[in-house]
Amino acid sequence: MNAFDEAATMRKVYRRLMPLLFAMMFFNYLDRINIGFAALDMNKALGFSPAVFGFAGSIFFIGYMVLEVPSNLLLHRVGARRWIARILLTWGAVAAATAFVVGDKSFYFLRFLLGVMEAGFLPGVAVYLTKWFPVRYRARAVGGYIIAGSFSAVLGGPISTVLMTYANGLLGLQGWQWMFILEGIPAMLLGLVTLRVMTERPADADWLDNAEKQWLEATLAAEREEVGGSTHFPLLRVVSDIRVWSLACLFGCALVGIYGLFLWLPQIVKSLGNLSNIEVGFLSAAPPLLGVLGTFIISRSSDRTGDRKKHLAFVYGMSAIAITGSAYAPNPIVAYALLCVTGLFIYAGNPLFWSLASSFRTGAAGAATIALINTIAQFGGVVGPWTIGLVRSATGNFRYALLTIAAFLVVATVIGLVMRVKPADDDASVPATGPTART
């Protein structure tokens, strides 16, 4: 009989790690999307056209892509605690500095720099979780911090627009400037907290007893052995793996919708009626709030069945249908309702993606695999915001921009249905085991 309760051990790990990771993810996502709320006033104050704003939203992802793989490899070398703390400190500083942009060039530069400083954060945390959560617990663990992005989108609108409204003019700064400053500082504080409280691996955890440490280390070591974590794995093998490219293309198409839609959501909502900034902030909270519900339901269903890819195809297919309906809605109320339905499904794919990406390999090969997948996928962040800006400038409305997003989501759906997630038969070092390897 075991000297400990496995489920109780994992609950202890979850309670210890998730609050900090949740807070990191909350401010990570907030510092990405808050330019959407700033744009309600900033664009007019600085004379930014929709095309300028869209390009600034996209250039973030170019910086992110440049440093993604090197950052994740450095995390594997120097340790998650120190590297994630560095990311938090530097991205928070750049996010706060965005308050002082004076034109399009400085706006482009700081958004690019924000991507550079943040590079490696999401895949780095995904790699970190492979050191703590066995495969059968991993989707819920990933969902536990990924869902913070939805909460950030839910609370970000009201928080950002309230700051913009009531801090406007304080110390001679406009409300959107205070918003950037006050939402950048928490990331820097979290960097300091991470250095102090984050535990690198179970063997270092003084909050676990010896039996719990031994079981967790042994279980994770056995899983690493099953997927080749203790063997040398050439980087070329990672690059040539069709699973990497399939999953990256799928998530890249999804990111066209995720970032294209939600960076522009405040302005889309604003276009539906004569609304104040605070009203826009609260109305923009409903789609991601429903996304929280969708994430819980879909993640649990995925863990229960062991399937990832069909669940991914389902959520992106439903998103495509809803956003197409919104583009052709007969009135603003129906259009808004269908945007809410889009939010219900489109966020739910994130934990499935990270669970699947982290199941391919472990160790250094796992870090490189996750980073490469996420790097390729960021083309969606480059395409989405800029495309909407260009289409908005050219047509004066959002209909064709929404249809463009729907087309990419259809492609993501098709890839989800046909992609292979098991390793090739001749890839003996990466056998298909565990629930996350099922087709």
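Six salt bridges are present in this structure, which is a predicted model. Side chains of opposite charge can pair when their charged atoms come close. Several of these pairs are worth following individually, as they lead from one helix to another.

One of the salt bridges joins Lys12 to Glu212, with 3.0 Å between the closest N and O atoms. Lys12 belongs to helix α1 (residues 6-46) and Glu212 to helix α8 (residues 210-226), so this pair ties together parts of the protein that are 200 residues apart in sequence. The two partners can also be described by their surroundings. Lys12 has a relative accessibility of 26% and therefore counts as partly exposed. Glu212 has a relative accessible area of 7%, which means that Glu212 is buried.

Helix α1 takes part in a further pairing. Glu118 forms a salt bridge with Arg32, and here the closest N and O atoms are 2.6 Å apart. Because Glu118 lies in helix α4 (residues 104-118) and Arg32 in helix α1, the pair links parts separated by 86 residues in sequence. Burial is assigned to residues under 20% relative accessible area. Glu118, at 0%, is therefore buried, and Arg32, at 3%, is buried as well.

A third salt bridge connects the side chains of Arg201 and Asp204, at 3.7 Å from N to O. Arg201 has a relative accessible area of 39% and is partly exposed; Asp204, at 44% relative accessibility, also counts as partly exposed. This pair does not stand alone: Arg201, Asp204 and Glu217 are linked in a network of salt bridges.

From these pairings the description turns to the packing of helices. The protein has 18 helices and zero strands. Among the helices, α10 (residues 242-270) and α14 (residues 332-346) pack against each other at an angle of about 150 degrees, and their axes are 12 Å apart. Their crossing is left-handed. On the α10 side, the contact involves Gly257, Ile258, Leu261, Phe262, Leu265 and Ile268, which meet Leu339, Thr342, Gly343 and Ile346 of α14. What is the chemical character of the residues in this contact of α10 with α14? Seven are nonpolar, three are polar and none is charged.

The overall dimensions place these local features in context. Along the principal axes, the C-alpha atoms of the protein fill a box of roughly 65 × 45 × 40 Å. For 439 residues, a compact globule would be expected to have a radius of gyration near 22 Å; the value for the protein is 21 Å, which agrees. Of the 439 residues, 60% count as buried. Among contacts with a sequence separation of 6 or more, 83% are between residues 24 or more positions apart.

One feature of the backbone remains to be noted. Most residues other than glycine have a negative phi, and most peptide bonds are trans. Leu171 has a positive phi, near 55 degrees, although Leu171 is not glycine. Where does Leu171 lie? Leu171 is found in the loop between α6 (135-166) and α7 (175-197). With a relative accessible area of 73%, Leu171 is exposed, because residues over 50% are classed in that way.

Terms used. Residues are numbered from 1 along each chain as its sequence is written. This is a predicted model: local features need pLDDT of at least 70, side-chain atom pairs count only at pLDDT 80 or more; totals for chains, interfaces and linings use all residues. Side-chain values use heavy atoms; hydrogens and water are left out. Axes are lines fitted to C-alpha atoms, for helices over the stretch in contact, and angles run from 0 to 180 degrees between N-to-C directions. Helices (H or I, at least four residues) and strands (E, at least two) are DSSP runs, numbered from the N terminus. A crossing is left-handed if the near helix is turned anticlockwise from the far one by less than a right angle, and right-handed if clockwise. Contact means heavy atoms within 4.5 Å. Ala, Val, Leu, Ile, Met, Phe, Trp, Tyr, Cys and Pro count as nonpolar, Asp, Glu, Lys and Arg as charged, and the others, Gly among them, as polar. A salt bridge is a side-chain nitrogen of Lys or Arg within 4 Å of a carboxyl oxygen of Asp or Glu. Buried means under 20% relative accessible area, exposed over 50%, partly exposed in between (1.4 Å probe, protein chains only). The radius of gyration is taken over C-alpha atoms; the globule rule is 2.2 Å times the number of residues to the power 0.38.
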